Structure formats: structure tokens, C-alpha cells
Amino acid sequence: MTTKKTPAPAAVKKPAEAAPKKKVQQPPQLVRGMRDVMNPEWPYRDKMYEEAKRLAEDYGYERIETPILEETSLFIRGVGKVTDIVEKEMFSFETSGGEKVTMRPEGTSPISRAYLQHGMVNRPQPVKFWYWSSMFRHERPQSGRYREHTQWGCECIGDASSILDAQQAFLAWKLLDVLGIPSIVHINSIGTPESRANYRDALVAFFRTKRHKLSEDDKKRLLKNPLRLLDSKEPGMEEMKAEAPQIVDWLDEASKTHFMQVLEYLDEMGVPYQLNPYLVRGLDYYTRTVFEVFPVSEDPEVAKLALGGGGRYDILIEQIGGKPTPACGFGLGVERVAARLREINPALADKSSERDVFVAQLGDQGRKKAFAIFEALRADGIRTAATLSKDAIKAQMEVANKCGAKWAIIVGQKEVLDGTAIIRDMDSGTQETVDSKKIVQEVRKKLK
Ligand code: AMP
């Protein structure tokens, strides 16, 4: 009898374990509404910066850079609780130490805080500052509206004279003028808090009678911040606004006189302006003069995007804990101005890569020498380029041509041994050999 071997039970095969999938990690992306500032934007920003710095310094403004983080309460007290910025747009958070902080959405409140904190009230008044700073606002991203943008601005603190209001509008307009960007200042006066309160009552009374025609957003504005109704772009608003009471008719006598003086100064300085009774600006701290600067353009989309804005803010410093201190200022949006400049003056682009001289090398010894020659030329103020890591002379000459160099300096093994360098005319191809110690002098002579 044969015994059948019962086959050993097959080892129960576990279902093949799926090899753990490697998580494909997405490379980190830009945070929504943020942007990298790259070429071709830089030449336009640089040009704006250069002219803005000169203008501000010529007018006696000194530079300030406040920190990006401020106590949240600064903006609640300064800009105002019921404003778009504070209600919807601030990047606010609590630090691990429990401090409630906000990334600066605008420049005026932090500079006013600095004025108080550093006892600048004891300096001769007014104290005048300029800044070039990034601002953070959690707005709905769209063209010309970013969550981080830069502003060039001026603030003039400690003087109530109307000529200083005019100076702010003038400086904003003048920078654009210097850059060749046609613009017009829209200007209005919103009076003192008292005259504004009377006007607000009249406005509320008027719009209450039209409440049934208002959008939900505008109904909210009517309750919380009725002056913002004047900014409303909702359908049907144009006609209603035209019938609404106008703020100039509610100004106190002193504000009226102040406003007339501001306009006279603008006339005198040839600043193009337009009275805009609907301009109120969205921040609580403004008093009397408010203005915005718009580009003049046939394209309505371009023309409606303000390049800057500002005004007088006589109550801000008191609101944040100081003595009543008159002040005025403005900010221009760098991204918007740079974009406009690019449209108007595209030729400004990419000058930064243009060079007069290119230093080329052959071999390791040549590379060392070329590094030193490049630095000697650069330090002497000669616009020089080199691609020190490249070996092939052909590739180096291509770069020399790209950057528009008129002269190339070539250093090879032989020149290193002889203590010389070759200067080549890039147009004609003619070359001469010179003492490498005299290279800066020789190049200077040729560039004359
Ligand atoms: P404002 O004080 O809000 O009127 O801002 C002053 C200027 O900064 C505006 O006229 C714009 O040119 C610019 N600006 C304001 N908000 C933004 C934004 N979110 N993105 C780009 N530029 C802005």
C-alpha cells in the first residue's frame, strides 16, 4: 500500500503587499496672491526707485523703514475697525508668545507709531519721512491687486499748513511726471470729524429713502460706514450718487478755506487735478484733503486703476495715543507704476545686462588672471562682464556679443607667462597685446 503523502499545505500566500508608494511631493508653490518679482520688471522698479529717492530727498524727507510686524491694535485704532482693511484684509496672527500682530497693510499708521515712540514731537516740526516698503493685504487677487505689494510714500507730521497737503499731491504727481507717465489727481475734502458727522447724517437720511434700491453690500455700508457708499460701483448707484448730498456743501469754514488753498497751490505748480466729490478713501484717519492719482489713458481699464493716494490725517496720532498732531502723506503703488512705465517706455528694459568690456580666458592660469582683471575693471567703474567658469572661447565670445561689449580682453597661458593681455575690438576683430598691469588705463583710453 502506498501511502499517499499528503502534500504539505501550501503556505498561505499573503497577498503581495503593495510596495509603499513613494509620495510624489509637489514642489512648494507660491502662496495665493503672492508673486516673485523678476525681470523684465526690475529695470522699471529700479528707475522708479532712483527717481523717487531723489525727489523725496530733494524735498527734505528722510528715509524710514518700519518693521513688517506691528501690534494689531495699531491698525484697529488708526485705520479704523469698520474699514475694508481691518475687517477683511489684514494678515493677522498670534505669535507663540501670545502677541497679536499684523503684517503692515499700509505705511501711515506705523510711521505715526514711530513718531510717537521715538519722541519726535520734540524735534523741529514738521518731521518728514519717505519709505519704500512692502504692504500686505488679503484682497481678492486680480490684475493690479496683489496680497503683497510695495509702496513708495511720504509722510509729513506736525504741521497743519495747506501747502503741505498740496506738496503731497504734487510729489505723487511729480514722480509720475518725471517718469513720463501722464496722470491726474482726483481730489476732495472730507472736512473735520464734526463736519463729516453732519454730512454722514445727511447721507444716511438720503440713502434710507432709496434703501429698497440698494444691493445687500450697500445696505451693510449704509449701516456701518455710509461714506463708503460713495465708492460703490453697484448698478444704479451712479444716478443715486448724483442726487445725493455732496460733502463740500457740509464743510466747516476752516476746512473750506484750507481746501481752496490746496487747490490754489496745485494750480500754481501746474498739477492737473479734478474735483471728485465721491472720493472719501477707505480709512478712518483722514481729515480734510484726500486725493488719488490716476493714469491718463485711453484704455478705461488702465485709467480706473489708481496709482496712488493720500491725504491729511490730523486725528490719527491722537487716535493711537499721542497729542493731537496734524499730518499728511501719500503712497504710490510700485507694481502699478512699474507696469505703466513698462508700457510707456519699453526701451528702459534690460540695460542692466549691457557691458562695454568682456574678459575671456583660456586655461586655469588664464582663469585666475581673468578673475583679477575683471575685478580691477569693475572696481574702476567700467561696465565689465565675464563668464569665468566657461572653458570654450567660442561660448565666451557669444556672451560677449550678447551683452554688447565693444572690447574683449583675452588672457591665455602665453599672456599669463608674458604678463600681458590681448584687447580685441569686437566689431573689427583687430587685436593688440598690452601690458596686463596697464589694462585698466588702456581700456579707459579706448572707451573715451
Ligand atoms: P491705498 O492707500 O490703498 O490707496 O494704496 C495706495 C496705492 O498702493 C494704490 O493707489 C495702489 O497703487 C497701490 N495698491 C494698493 N493696494 C494694492 C494691491 N493690493 N496690489 C497692488 N497695489 C496696490
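## Cysteines

A disulfide is taken here as a pair of cysteine sulfur atoms within 2.5 Å, and the structure contains zero of them. C154 takes part in no disulfide, the nearest cysteine sulfur being that of C156, 9.0 Å away. C154 is buried at a relative accessible area of 0%, and C403 also counts as buried, at 9%, where buried means under 20% relative accessible area with a 1.4 Å probe and protein chains only.

## Basis of the model

This is a predicted model, in which local features need pLDDT of at least 70 and side-chain atom pairs count only at pLDDT 80 or more, while totals for chains, interfaces and linings use all residues. Residues are numbered from 1 along each chain as its sequence is written, and side-chain values use heavy atoms, with hydrogens and water left out.

## Domains

An automatic or database domain assignment divides the chain into domain 1 (42-192 + 252-344) and domain 2 (354-447). The C-alpha centres of domain 1 and domain 2 are 48 Å apart.

## Ligand surroundings

The ligand is surrounded by 14 residues, of which R137, E139, Y146, R281 and L307 come nearest; a residue is near a molecule if one of its heavy atoms lies within 4 Å of it.

Among the polar contacts, defined for the ligand as pairs of N or O atoms within 3.5 Å, a backbone N or O atom of Y146 lies 2.8 Å from a ligand nitrogen atom. Ligand oxygen atoms are involved in the other two cases, with a polar backbone atom of A306 at 3.1 Å and a backbone N or O atom of G333 at 3.4 Å.

Methods. Buried means under 20% relative accessible area, exposed over 50%, partly exposed in between (1.4 Å probe, protein chains only). A polar contact is a pair of N or O atoms within 3.5 Å; within protein, one must be able to donate a hydrogen and the other to accept it, and residues adjacent in sequence count only if both atoms are side-chain atoms.
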